[in-house]
Amino acid sequence: MTTPDPSSAAALLDWYRAMGVDEAIEDAPADWFARAKKARPAAKAPPARDLPQNPPAPAEPRPGFASVAPDEAVMDARERAASAKTLEELERSLSEFDGCPLKATAKKMCFKRGSDKARVMLIGEGPGRDEDLQGLPFVGRAGQLLDKMLKAISLTQDDVYITNIVYWRPPGNRTPTTQEVQACLPFLNRQVELLNPEFLVLIGGPASQNLLGTKQGITKLRGTWRTCEIGGRTRRAMPMLHPAYLLRTPAAKRLAWRDLLTLKDALNTKE
Ligand code: URA
């Protein structure tokens, strides 16, 4: 057996802890169900930040924000995206774009986090409360779990580029509407073209369905390499369970771990 280096071992232990593995296996079998019955009922966990637990509170658009007709918005988005020659230009142009209704209620735009040279681009559903405050994708509880998951396969912020299918927070963390996604999609497609990653990781149902053009649920989609055609290039795309879901359903972390290992294998395989 090879001995892992200290930082890989620490990352793996961190991952185990996040998965709820806090006991070593003993020689004699333990009846965990009997022990659990004796234990006091656990306090109810607070809801994960990201996905809506309740219908969203109505959000007030900022005064002076004029709404743009959906078709006009998509046309404008396409023109802006096509004329951006770099990721910086694209971000600047997006910041001047008023065609996504979410901009009216969000505090900050969340364009990206990570490296512009990454081989892996992760695409989530949309910014939540913490992301909206900081202007960066995946920085709340789900983002912290995502970072741990990536670290467990030796990926850091320098190896990945993280964004979302919409760049502004949907009020109450609801799922973005088709109109909101369509308004942002030309920018996302151009972001993929300009970054030119080898692999896409589609985080959660909405990102997977919108980018793969399917209505299939994430539990069916995850775990298998799919293909995503953007800007004339076909890329491999791995749909994965959303870390916000994993926070609420720790037992599903073993599926996410499998998917991460599939990604790691692909990254380590020379084409
Ligand atoms: N969930 C997402 O899908 N994206 C974020 O940026 C944060 C949480």
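Among contacts in the protein chain between residues at least 6 apart in sequence, what percentage join residues at least 24 apart? In this predicted model, the value is 76%. The protein chain has 271 residues, of which 44% count as buried. Its secondary structure comes to 11 helices and six strands.

The packing of two helices was examined in detail. Two packed helices are described by the angle between their axes and the distance between the axes. For helix 3 (residues 70-83) and helix 7 (residues 178-195), the angle is about 10° and the axes are 8 Å apart. Angles under 35 degrees count as roughly parallel, so helix 3 is roughly parallel to helix 7. On the side of helix 3, the contact is made by Pro70, Val74, Ala77, Arg78, Arg80, Ala81 and Ala82. These residues meet Gln179, Gln182, Ala183, Pro186, Phe187 and Arg190 in helix 7. By residue class, the contact of helix 3 with helix 7 divides into eight nonpolar, two polar and three charged residues.

Helix 7 also takes part in the surroundings of helix 8 (residues 205-212). The buried residues of helix 8 are Gly205, Pro206, Ala207, Ser208 and Leu211. Against these buried residues pack strand 2 (120-124), helix 7, strand 4, helix 9, strand 5 and strand 6. Just after helix 8 comes glycine 213, which takes a positive phi of about 65°.

Aromatic rings were considered next. A search of the whole structure finds four aromatic pairs. In one of them, the rings of tyrosine 167 and tryptophan 168 have centres 6.3 Å apart and planes at 85°. Planes over 60 degrees apart count as edge-to-face, so the pair of tyrosine 167 and tryptophan 168 is edge-to-face. Both of these residues are buried. Ring pairs also link Phe111 with Tyr167 and Trp168 into a cluster.

Another pair is formed by phenylalanine 199 and tryptophan 225, with ring centres 5.4 Å apart and planes at 40°. An angle of 40° is neither under 30 degrees, as for stacked planes, nor over 60, as for edge-to-face ones, so the pair is tilted. This pair links distant parts of the chain, 26 residues apart. Phenylalanine 199 lies in strand 4 (residues 199-203), whereas tryptophan 225 lies in the loop between helix 9 (218-221) and strand 5 (226-230). Phenylalanine 199 has a relative accessible area of 3% and is buried. Tryptophan 225 is partly exposed, with a relative accessible area of 21%. The ring of tryptophan 225 has a further partner: the charged end of arginine 236 sits over this ring, 4.6 Å from its centre.

Several single residues were then placed in the fold. Glutamate 131, in helix 5 (residues 129-134), has a relative accessibility of 2% and counts as buried. Along the chain, glutamate 131 and tyrosine 167 are 36 residues apart, and their C-alpha atoms are separated by 9.9 Å. Threonine 234 belongs to strand 6 (residues 233-240). With a relative accessible area of 45%, threonine 234 is partly exposed. Leaving aside residues up to four places away in sequence, threonine 234 touches Thr227, Cys228 and Glu229. Threonine 234 and glutamate 198 are 36 residues apart in sequence, and the C-alpha to C-alpha distance between them is 9.4 Å.

Lysine 117 is found in the loop between strand 1 (113-114) and strand 2. Its relative accessibility is 77%, so lysine 117 counts as exposed. The C-alpha atoms of lysine 117 and tyrosine 161 are 8.0 Å apart, with the two positions 44 residues apart along the chain given as their separation.

Backbone angles were also inspected. Most residues other than glycine have a negative phi. Phenylalanine 138 has a positive phi, near 50°, and is not a glycine. This residue lies in the loop between helix 5 and helix 6 (141-152), and at 6% relative accessibility phenylalanine 138 counts as buried. Serine 154, likewise not a glycine, has a positive phi of about 65°. The position of serine 154 is in the loop between helix 6 and strand 3 (160-164).

Definitions and conventions
Residues are numbered from 1 along each chain as its sequence is written. This is a predicted model: local features need pLDDT of at least 70, side-chain atom pairs count only at pLDDT 80 or more; totals for chains, interfaces and linings use all residues. Side-chain values use heavy atoms; hydrogens and water are left out. Rings of Phe, Tyr and Trp (its six-membered ring) pair if their centres lie within 6.5 Å; planes under 30 degrees apart count as stacked, over 60 as edge-to-face and the rest as tilted. Buried means under 20% relative accessible area, exposed over 50%, partly exposed in between (1.4 Å probe, protein chains only). Helices (H or I, at least four residues) and strands (E, at least two) are DSSP runs, numbered from the N terminus. A charge sits over a ring if NZ of Lys or CZ of Arg is within 6 Å of the ring centre and within 35 degrees of the ring normal. Axes are lines fitted to C-alpha atoms, for helices over the stretch in contact, and angles run from 0 to 180 degrees between N-to-C directions. Angles under 35 degrees count as roughly parallel, over 145 as roughly antiparallel, 65 to 115 as roughly perpendicular and the rest as oblique. Contact means heavy atoms within 4.5 Å. Ala, Val, Leu, Ile, Met, Phe, Trp, Tyr, Cys and Pro count as nonpolar, Asp, Glu, Lys and Arg as charged, and the others, Gly among them, as polar.
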